[in-house]
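The exercises below ask you to read a protein model step by step. Keep the sequence and the structure open beside you, and try each task before you turn to its solution.

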Amino acid sequence: MPLTSDALTRAEARRIALHAQGFADPRPSGRVDRRHLRRVLRRVGVVQIDSVNVLTRSHELPFLARLGPYPREVLASWLWGSGEVFEYWAHEASLLPVEAHPLLRWRMAEDHAWGGPSQVAADRPELVDALLDAVRERGPVTLAELEHLGDDIRRPPPRPGAMWNWTPAKKAVEHLFWQGRVSALRDPTSFGRRYVLPERVLPEPVRRAPTPDPDEAHKALLLRAARSHGVGTARCLADYHRLNVPRSRRLLEALVADGALRRVEVEGWRQPAYLHPEARLPRRVRAAALLSPFDSLVWERSRVEALFEFRYRIEIYVPAAKRVHGYYVLPFLNDERLVARLDLKADRAARVLRVQAAFAEPSFDADRDLPALVDRLHELARFLGLADVAVPRRGDLAPVLQAALR
């Protein structure tokens, strides 16, 4: 439905957002192929990568949520073998369509967001040059192979995920990656990066495309975020590609003046919102999906609370004793509401999807929501090659979910 009003109810904004994120699209009726994967990436614009593998690699889940089960090997070969997708820092480490590359070159020209890589590049330019030569001569090459070039291999291995314990070689190659001087493919098994020159990932027309003025690139990124959100505040839209919010506010007003976006008010939102011209308001949204903690629908926490009245925090880095809901908690979307959250783990040895805990939101209705939740849990188990779903023992939703799963 076209949008003409400059005032939206919360329910309308929610349906606009779900449509923009692809949840109003019907699932494919046959085998999922690259066309469907391409459609999802075009919708969301950015897919976040994360190393946590307690359930599965997080980038697989947004495609499952929107398409249903698909061949996982088809996704892997498309992401890292088609020349249509590249990895870079957008909303954290992310996968993007290659045509977005020129829009992020202003970031490549800046110092790394963390000081370590830039400092190593300044202190040890010979190491940076040696690593670039090694990628040029031997790529695809792993970090472990690159570290043999210097004295870093004799160091104790760093604690995983600890930026301040990265070796100089790791910091130097991250500097090259940030600058866009090297790109990366991913090993399907280990998911580790294999560094290559950009021409192994980016088609020649993309590499030759002119670099836009930084303000114009920011505007284009804000428009992409608005298309993927449908409607959002300056904070929502800036967060999508981790842009500066004050600068984004200025540029959004310029986009409104140019007629590229429309300023609207949303019920209950204190800040003005911006509506994309392609935004549509469906009469209703019928979708049931378990969402990755890193799904673009739930990135910006204040937006999630404003749209869905769902307060969501990732507790991966919270000490176990202080976690409220669990380690790897997936919100459950049913139709137009986030009605539950579940802490999930893939027990690959036992071939069981373990529901560590299950919690219901006030809007949860067992008659309406429970069948869809059980169906999606079994679907997720099959997708991951697991044979069963273990009943939860913790959380207010556990008793009713136990009975349904049994």
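**Exercise 1.** Is Asn334 buried or exposed, and what is its relative accessible area?

Solution. The model is a predicted one, and the values that follow are computed from it. Begin with the place of the residue: Asn334 belongs to strand E11, which covers residues 329–334. Its relative accessible area is 5%, and because the cut-off for burial is under 20%, Asn334 counts as buried. Next, look for a polar partner, and you will find that the side chains of Asn334 and Asp369 are joined by a polar contact of 2.7 Å. Finally, list the surroundings: apart from neighbours within four places in sequence, Asn334 is in contact with Ala287, Ala288, Val339, Arg368, Asp369 and Ala372.

**Exercise 2.** Describe the setting of Arg186, from its strand to the partners of its side chain.

Solution. Start from the strand, since Arg186 is found in E5, which spans residues 183–186. With a relative accessibility of 14%, Arg186 counts as buried. Now consider the strand as a whole: Ser183 and Leu185 on one side, and Ala184 and Arg186 on the other, are all buried, and both faces of E5 are thus covered. This arrangement can be read with a general rule in mind, namely that side chains in a regular strand alternate between the two faces of the sheet.

The next step is the pairing of the strand. E5 is joined by four bridges to strand E6 (residues 193–196), and the two run antiparallel; within this pair, the bridge partner of Ala184 is Tyr195 in E6. The hairpin of E5 and E6 has six residues between the strands, and in it Phe191 takes a positive phi near 65 degrees. Phe191 also has a part in the setting of Arg186, whose side chain reaches the backbone oxygen of Phe191 at 2.8 Å.

The other polar partner to note is Glu87, whose side chain makes a polar contact of 2.7 Å with that of Arg186. When residues up to four places away in sequence are not counted, Arg186 touches Ile49, Trp80, Glu87, Phe191, Gly192 and Arg193. As a last check on how the chain folds back here, compare Arg186 with Leu79: they are 107 residues apart in sequence, while their C-alpha atoms are 8.8 Å apart in space.

**Exercise 3.** In what order do the four strands of the open sheet that includes E1 and E7 lie, and in which sense does each pair run?

Solution. Write down the order, which is E1-E8-E9-E7, with mixed pairing. The edge strands are E1 (7–8) and E7 (231–233), each of which pairs on one side only. Then take the pairs in turn. E1 and E8 (residues 262–266) pair in the parallel sense over two bridges, and the bridge partner of Leu8 in E8 is Val266. E8 and E9 pair in the antiparallel sense over three bridges, with Val264 bridged to Ala273 of E9. The hairpin of these two strands has six residues between them, and Gly268 there takes a positive phi near 85 degrees. E7 and E9 (residues 273–275) are likewise antiparallel, over three bridges, and Val231 stands opposite Leu275 in E9.

**Exercise 4.** How is helix H11 packed against H13 and against H1?

Solution. Take H13 to begin with. H11 (residues 214–229) and H13 (residues 245–257) pack at an angle of about 80 degrees, with axes 10 Å apart, and the two helices are therefore roughly perpendicular to each other. Residues that make the contact include Leu222 and Leu223 of H11 and Leu251, Leu252 and Leu255 of H13. By class, this contact has seven nonpolar, two polar and four charged residues.

Turn then to H1 (residues 10–20), which packs with H11 at an angle of about 110 degrees, with axes 6 Å apart; H1 and H11 are therefore also roughly perpendicular. Here Ile16, Ala17 and Ala20 in H1 meet Arg227, Ser228 and His229 in H11, a contact of three nonpolar, two polar and one charged residues.

**Exercise 5.** Which backbone nitrogens does the side chain of Asp347 approach?

Solution. Locate Asp347 in strand E12 (residues 337–347). Its side chain reaches the backbone nitrogen of Ala349 at 3.4 Å, and a polar atom of the side chain of Asp347 lies 3.1 Å from the backbone nitrogen of Ala350. Beyond its neighbours within four places in sequence, Asp347 is in contact with Val352, Arg354 and Leu386.

Conventions:
Residues are numbered from 1 along each chain as its sequence is written. This is a predicted model: local features need pLDDT of at least 70, side-chain atom pairs count only at pLDDT 80 or more; totals for chains, interfaces and linings use all residues. Side-chain values use heavy atoms; hydrogens and water are left out. A polar contact is a pair of N or O atoms within 3.5 Å; within protein, one must be able to donate a hydrogen and the other to accept it, and residues adjacent in sequence count only if both atoms are side-chain atoms. Contact means heavy atoms within 4.5 Å. Two strands pair if DSSP finds at least two bridges between them. Axes are lines fitted to C-alpha atoms, for helices over the stretch in contact, and angles run from 0 to 180 degrees between N-to-C directions. Angles under 35 degrees count as roughly parallel, over 145 as roughly antiparallel, 65 to 115 as roughly perpendicular and the rest as oblique. Ala, Val, Leu, Ile, Met, Phe, Trp, Tyr, Cys and Pro count as nonpolar, Asp, Glu, Lys and Arg as charged, and the others, Gly among them, as polar. Buried means under 20% relative accessible area, exposed over 50%, partly exposed in between (1.4 Å probe, protein chains only).
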